[in-house]
Amino acid sequence: MRNYKLEAIVIKKRNFAEKDRILTLFSKEKGKTEALAKGSRRPGSKLAPYSDLGTLARFYISRTNSIDIVKEISPIFVPEGARGNFLRTQKISYLLKFTDKIFEVDESHPKTYFVLKSAIQQICEREFQLTALVFLANCIDELGLEPELFVCQKCRRKIASKEKVVFSPKVGILHRSCDAEGNPEILENETKLLRLIFNSPYEKIVKAKVDEKIFGRSYQSLLKFVEWHFGKVLPEGAM
Ligand SMILES: [Zn+2]
């Protein structure tokens, strides 16, 4: 039996046997992985307080022939700032569910790990308007599915300023005159916002202040894109 250490975020937990839990962890090295936290539902268990969703910790794990076993948890960040705050808790829960749904086990996604970690901390402390949106964009990008935002996907011409464009949840933007599917129009500022979130470093984007209406519309566009590619992951109006 070999031991290893993992810095990871708890993205899912489910009850197992009588007193145990199976934790789904998301780490920089391994991406999504599962481990058994024995006795963690027993009152007073030293694993109990740190097996909460959104907890960032160092996990000391034993490799076994079946599921690996958590021996010890040393917390780095516990999402206490979200406790008792329904909206914050809900937002974090969406991010975790989304991560769990779209990534496969044992595939490393270091950028997503970094962004998820920052997003949880930000939502707990002082929320930035764009945190969750940027997180979605990052995941899409890491899976190589980024929507096209500069060139019309039909005629291959570059989109010029003031041209009427629509957003297709399959591929990205198209001239309205090139679209045969009746996709919804998107405003120039929405295109700008989507370009910003897909092309700038995380730290820069989350600090941008965006008009509520543009934010809402861009979010809906991106959500439709996500749903087309991954199926329904998030409830209507999430984030
Ligand atoms: Zn076109």
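**Exercise 1. A residue in a helix**

Work out from its C-beta neighbours whether N138 counts as buried or exposed.

*Solution.* Start with the count: N138 has 21 C-beta neighbours inside 10 Å, so N138 counts as buried. The cut-offs behind that word are these: a residue is buried if 20 or more other C-beta atoms lie within 10 Å of its own, exposed if 12 or fewer, and partly exposed in between, with C-beta atoms placed from the backbone. Please keep in mind that this is a predicted model, in which local features need pLDDT of at least 70 and side-chain atom pairs count only at pLDDT 80 or more, while totals for chains, interfaces and linings use all residues. Residues are numbered from 1 along each chain as its sequence is written.

Next, place the residue: N138 lies in helix α3. Helices here are DSSP runs of H or I with at least four residues, strands are runs of E with at least two, and both are numbered from the N terminus.

Then look at its partners. Leaving out residues up to four places away in sequence, N138 touches K111, T112 and V115; a contact means that two C-beta atoms, placed from the backbone, lie within 7 Å. I186 is 48 residues from N138 along the chain, and their C-alpha atoms are 21 Å apart.

**Exercise 2. Two helices side by side**

Find how the axes of α1 and α3 are oriented relative to each other.

*Solution.* First take the geometry: the axes of helix α1 (residues 86-102) and helix α3 (residues 131-142) come within 11 Å and cross at roughly 5°. Each axis is a line fitted to C-alpha atoms, for helices over the stretch in contact, and angles run from 0 to 180 degrees between N-to-C directions.

Now classify the angle. α1 and α3 are therefore roughly parallel to each other. Angles under 35 degrees count as roughly parallel, over 145 as roughly antiparallel, 65 to 115 as roughly perpendicular and the rest as oblique.

Finally, list who meets whom: K91, Y94, L95, F98 and I102 of α1 face A132, F135 and C139 of α3. By type, the residues of this contact are seven nonpolar, no polar and one charged. Here Ala, Val, Leu, Ile, Met, Phe, Trp, Tyr, Cys and Pro count as nonpolar, Asp, Glu, Lys and Arg as charged, and the others, Gly among them, as polar.

**Exercise 3. The core and the domains**

Identify the element that gives the most residues to the largest nonpolar core.

*Solution.* Begin with the core itself. It has 57 residues, of which I9, L25, V70, L116, F135 and L136 touch the most other members. Such a core is a set of buried Ala, Val, Leu, Ile, Met, Phe, Trp, Tyr and Cys residues joined through C-beta atoms within 7 Å. The answer is α3, which gives eight residues, the most of any element.

Next, bring in the domains. The core draws at least three residues from each of domain 1 (3-80) and domain 2 (146-228), with bounds that come from an automatic or database domain assignment. The centres of domain 1 and domain 2, taken over C-alpha atoms, are 39 Å apart.

Last, follow one member outwards: apart from neighbours within four places in sequence, L136 is in contact with L222 and V226.

**Exercise 4. Residues in loops**

Compare where D52, A17 and R156 sit, and say how buried or exposed each one is.

*Solution.* Take D52 first, in the loop between β3 (31-37) and β4 (56-62). With 16 other C-beta atoms within 10 Å, D52 is partly exposed. Beyond four places in sequence, D52 contacts V10 and V78.

A17 belongs to the loop between β1 (3-16) and β2 (20-27) and counts as exposed, with 11 C-beta neighbours inside 10 Å. R156, in the loop between α3 and β6 (165-168), is exposed with 9 other C-beta atoms within 10 Å.

Check the backbone too. Phi is near 50° for A17, a positive value in a residue other than glycine, and near 65° for R156, again a positive value in a residue other than glycine.

**Exercise 5. The chain overall**

State how many helices and strands the protein chain has.

*Solution.* Counting gives six helices and eight strands. In sequence order the pattern is β-β-β-β-β-α-α-α-β-β-β-α-α-α. For extent, the C-alpha trace spans about 65 × 35 × 30 Å along its principal axes. Buried residues make up 35% of the 239 residues.
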